[in-house]
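Hi,

Here is the structure I said I would pass on. Have a look at it first, and then read my notes below.

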Amino acid sequence: MRQAVLLLAHGAPERLEDIEPYLSFVMGGPTPSPHVVNEVRRRYADIGGASPLLARTLEQAAALQERLRASGVETAVYTGMRNWHPFIKDAMARIQADGVERMVALCLAPQYSKMSVGLYFRRVQEAKTALGMRAEIVWTKSFHDHPLLVEAFAEKLAPFPRDTKVLFTAHSLPEEILENADPYDTEARATARLVAARCGLSNWDFAYQSQGMTAEKWLGPAVESRIDQYAAEGVTEMMVAPVGFVSDHVEILYDVDVLFRRYAESRGIRLRRTESLNSSPAFIAALAAVASEKLRAN
């Protein structure tokens, strides 16, 4: 049986000229306001005018395919983006053309929410239906507590003193998800707790970052509120460890490296962050373990 892995990621613009059409995909069609477009364009300009997300995701896919084959699992790894090229529907068309009979859908977001990972899966199912595909899809909903993922995050914290104040972060989502027993908040906090335990940390916290530009309430506490708290407590050094993200992109390179760092400095705190997982061997080992478990399942 011909099998494959489909890695799913958010997608991001590769040029400033792509910002407006990209935002239209993110927002589901309506033309974004000039204020939103200008703000997002400014953020991307501050990180060099483009996102490295696609490049990092393609590197992860290539490394995963090599790792799987080295372990005796012969399979191709494809990449599909929800909001930019290469779109999920295009990846699915390639999978169909290549005669794949069974595929593992693996979203590059460790914690599950119907509003996030669930939406990626809906796009995969929609593409399958539109193409008339008969391939079996094995869904990988969450790997937030996989021991190898925990090890990969812990490895990035290893170089820093254990008494450093560590703030684990994940991408915020609208608070409404809590009304439907969505596991995202529980899983995001669990990842932080497991990594902290693996590193032997006692001086750590958790917060949400990158809230959307809407009036609805988003999950908290926000990173800025934690920084205010630390400043009041006399903290002068802190480390941000994003455990809801697995590669460099604007929420890391701007939100953490620019916005939070400036905010912390204005309050007398030196802020650093852990390196992103990207295609680190430890993270690729985690992906390979997760994918292998699904590929070998009957």
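Let's start with a cysteine. Cys 199 has a relative accessibility of 9%, so it counts as buried, the cut-off being under 20%. Cys 107 gets the label buried too, with a relative accessibility of 2%. And how many disulfides does the structure hold? Zero. Before you go further, keep in mind that this is a predicted model.

Now for the whole chain. If you count up the secondary structure, you get eleven helices and eight strands. The radius of gyration is 19 Å, close to the 19 Å that the globule rule gives for 298 residues, so the protein is as compact as a globular protein of that length. Along the principal axes, the C-alpha atoms fill a box of roughly 60 × 45 × 40 Å. Buried residues make up 54% of the 298. The accessible surface is about 13,300 Å², and carbon and sulfur atoms account for 50% of that. I also looked at contacts between residues at least 6 apart in sequence: 78% of them join residues at least 24 apart.

Next, find the open sheet of four strands. In what order do its strands come? Reading across, the order is E2-E1-E3-E4, and the pairing is parallel. Strand E2 (76-81) and strand E4 (136-140) are at the edges; each has a single partner strand, so one side of each has no neighbour in the sheet. On average, neighbouring strands here are turned by 25° against each other, ignoring direction.

Zoom in on E1 (residues 3-9) and E2 next. These two strands run parallel and are joined by six bridges. If you want a spot to click on, try Leu 6, which stands opposite Tyr 78 in E2. Helix H3 (residues 53-70) packs on the sheet and touches both E1 and E2. The direction of H3 makes about 160° with that of E2.

Which helix lies across E1, E3 and E4? That one is H11 (residues 281-296), and it runs at about 145° to strand E3 (102-107).

So if you're colouring things in, I'd start with the sheet order E2-E1-E3-E4, then add H3, which touches E1 and E2, and H11, which lies across E1, E3 and E4.

Have fun with it, and write back if anything is unclear!

Cheers

Key
Residues numbered from 1 in each chain as written. Predicted model: local features only at pLDDT ≥ 70, side-chain atom pairs only at ≥ 80, totals over all residues. Heavy atoms only, no water. Pairing = 2+ DSSP bridges. Axes fitted to C-alpha atoms, helices over the stretch in contact; angles between N-to-C directions. Contact = heavy atoms within 4.5 Å. Rg over C-alpha atoms; globule rule 2.2 N^0.38 Å. Buried < 20%, exposed > 50% of the residue type's maximum accessible area, 1.4 Å probe, protein only. Areas by Shrake-Rupley, 256 points an atom, 1.4 Å probe, with all protein chains shown as cover. Disulfide = S-S within 2.5 Å.
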